[in-house]
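Some features of a protein model are easier to read with a worked case beside them. What should one look at, and in what order?

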Amino acid sequence: MNNEAIQSLVTRVWDDSILPQLVEYVRIPNKSPTFDPDWEAHGHMEAAVQLMRRWVEAQPIRGMRVEVLRLPGRTPVLMVDVPGQVQDCVLMYGHLDKQPEFTGWSDGLEPWTPVLRDGKLYGRGGADDGYAVFASLTAIRALQEQGIPHARCVILIEASEESGSPDLPHHIDALGDRLGTPSLVVCLDAECGNYAQLWCTTSLRGNLIGALRVDVLTEGVHSGTASGIVPSSFRVLRELLARVEDASSGAMLLEELNTPIPADRRAQAKAAATVLGDTVFAKFPLVPGMRTVSNDPLELLLNNTWRPTLSVTGADGLPSCSSAGNVLRPHTTLKLSFRLAPTMNPAQAAASIQRTLECDPPYGTRVSFRVESAMGGWNAPTLAPWLERSMHAASQSFFGRDAMYMGTGGSIPFMGMLGERFPGTQFLVTGVLGPQSNAHGPNEFLHIETAKRLTACVSRVLADHAARN
Ligand SMILES: [Zn+2]
């Protein structure tokens, strides 16, 4: 394999062809169904699918078949099937749906306005995860142009990931045997610890989302009249939350949520903490004077990748400050987003949290915890020696440094599904979501140089996969 030839093709395709497409893609506000229930009528998702489909069809890939999978009432999936030269199958995964806008974008930057600046493409969805189909197919093309064999590659780009991938299993079921049995999954929707080497994700946390509602009155009452007599729904919420979370440390108090951290993952986190040092926390836009949960990078990595956490992500029943009067409000609802340990059973976590929150309600208030979604995390199977060698060689060839392994605090629902469906499969889960890239928040960017190097790394792994026996 001629690394320079791979690199120069990848660079050329990225500069001439992929970046102009991603610029157009950023303009499309194709928010995931959770954030745009009328996605079908709005037509943005279709526009994004067609943009990618047109580009894919124009690529010089031998024998490629391109198809948009459709099921009634569900988001589509773009499927690209590339025949291989060896009897084997690789599944390459990405998604094209996007997170909503969020607030706080810096001057000159906006979610749906692409801006190329300092080697980065700013805008929603470029890095998470619009680039995946372009990078995947270009990695295959780079091999074909050098006559290097690869296995059959099936690229699946779904459109419900940011909603927890509710539509994807239906498409997978509908595909049946057509998917084959992949011996390698390549997922380009993950994080990287820095932009200096190849980062392989070895675990993902699960995610449990629900709305916790407390009702105390049938209508709001003057707070001067009612306070001290009627308990505030907000205070009751605080009391309920204190049952599951230690308010001073953020630790989860429900023992069954704190699953043991495997020794190999602990060792990988230790190596990653050594490489990353302070960047584990320095990457966050902390307000001046602010400290993180711990000052030990290893503890922070373990907290973020293997320990359960709670974030309150929304509220109902609370007016904005500017329109809030002196009222003891009738009810408060908080949206709770729990991150679960990779090996935690999500249904068991949901039942345990619901039981804890709803039992014995303070003052006999009406308390409900409505679970909106519960998805499991993922812990990678033991790495095959060929893949470990390949990832290191790829990282050395195209980044000039060793590959690193880490857990990721977020979720990619499909990885868990695949792990269950194809227990013998190996995984290369990687991505460009590094420091400050801020997918889901303001100022999301795609680090272009990293995306190019990553594309070349995927080429190398596909070549090694085909040659491994
Ligand atoms: Zn993503």
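The dialogue below takes up metal binding, salt bridges, cysteines and a surface patch in turn.

Q: What kind of model is this?

A: This is a predicted model.

Q: Which residues are the protein donors of the zinc ion?

A: Start by listing the donor atoms and their distances. Here the donors are H95 through NE2, D128 through an OD atom, and D189, which is listed with OD twice. They lie 1.8 to 2.7 Å from the zinc ion.

Q: How are the donor residues spaced in sequence?

A: The pattern reads H-x32-D-x60-D. H95 sits in strand β3 (residues 86–95) and D128 in helix α4 (residues 126–145), so this pair, 33 residues apart, links distant parts of the chain.

Q: Why is the arrangement around the zinc ion irregular?

A: Look at the angles between donors. Four donors count as tetrahedral if all angles lie between 85 and 135 degrees. Around this zinc ion the four donor atoms subtend angles of 51 to 148 degrees, so the arrangement is irregular.

Q: Are H95 and D128 buried or exposed?

A: Under 20% relative accessible area means buried. H95 has 0%, so it is buried. D128, with 5%, is buried as well.

Q: How many salt bridges does the count come to?

A: Side chains of opposite charge can pair when their charged atoms come close. In this model the count comes to 20 salt bridges.

Q: Where does the salt bridge of E101 and K31 lie in the chain?

A: The side chains of E101 and K31 meet at 3.0 Å, N to O. E101 is in the loop between β3 and β4 (115–117), while K31 is in the loop between α1 (3–26) and α2 (39–42). The two are 70 residues apart, and the pair links distant parts of the chain. E101 is partly exposed, with a relative accessible area of 27%, whereas K31, at 16%, counts as buried.

Q: Which parts does the salt bridge of D173 and R421 tie together?

A: This bridge is also given as 3.0 Å, N to O. D173 lies in helix α5 (residues 168–175) and R421 in helix α13 (residues 413–421), so the bridge ties together parts that are 248 residues apart in sequence. D173 counts as exposed at 52% relative accessibility, and R421 is partly exposed at 43%.

Q: What does the salt bridge of R213 and D215 look like?

A: The side chains of R213 and D215 meet at 2.7 Å, N to O. R213 is partly exposed, with a relative accessible area of 31%; D215 is buried, at 12%.

Q: Which residues are linked in a network of salt bridges?

A: R65, D81 and R152 are linked in this way.

Q: How many disulfides does the structure hold?

A: A disulfide needs two cysteine sulfur atoms within 2.5 Å. The structure holds zero disulfides. For C153, the nearest cysteine sulfur is that of C89, 7.7 Å away. C153 is buried, at 0% relative accessibility, while C359 is partly exposed, at 38%.

Q: Which residues form a nonpolar patch on the surface?

A: For a patch, look at its members and their joint accessible area. F284, L286, V287 and M290 form this one, with about 370 Å² of accessible area together. L286 lies in the loop between α9 (279–282) and α10 (297–305). At 36% relative accessibility, L286 counts as partly exposed.

Conventions. Residues numbered from 1 in each chain as written. Predicted model: local features only at pLDDT ≥ 70, side-chain atom pairs only at ≥ 80, totals over all residues. Heavy atoms only, no water. Donors = N, O, S within 2.8 Å, 3.2 Å for Na, K, Ca; no water. Tetrahedral: all angles 85-135°; square planar, octahedral: opposite > 155°, others 65-115°. Helix = DSSP H or I, 4+ residues; strand = E, 2+ residues; numbered from the N terminus. Buried < 20%, exposed > 50% of the residue type's maximum accessible area, 1.4 Å probe, protein only. Salt bridge = Lys/Arg side-chain N within 4 Å of Asp/Glu carboxyl O. Patch = residues over 30% accessible without salt bridge, like charges linked within 9 Å, V, L, I, M, F, W, Y side chains within 5 Å. Areas by Shrake-Rupley, 256 points an atom, 1.4 Å probe, with all protein chains shown as cover.
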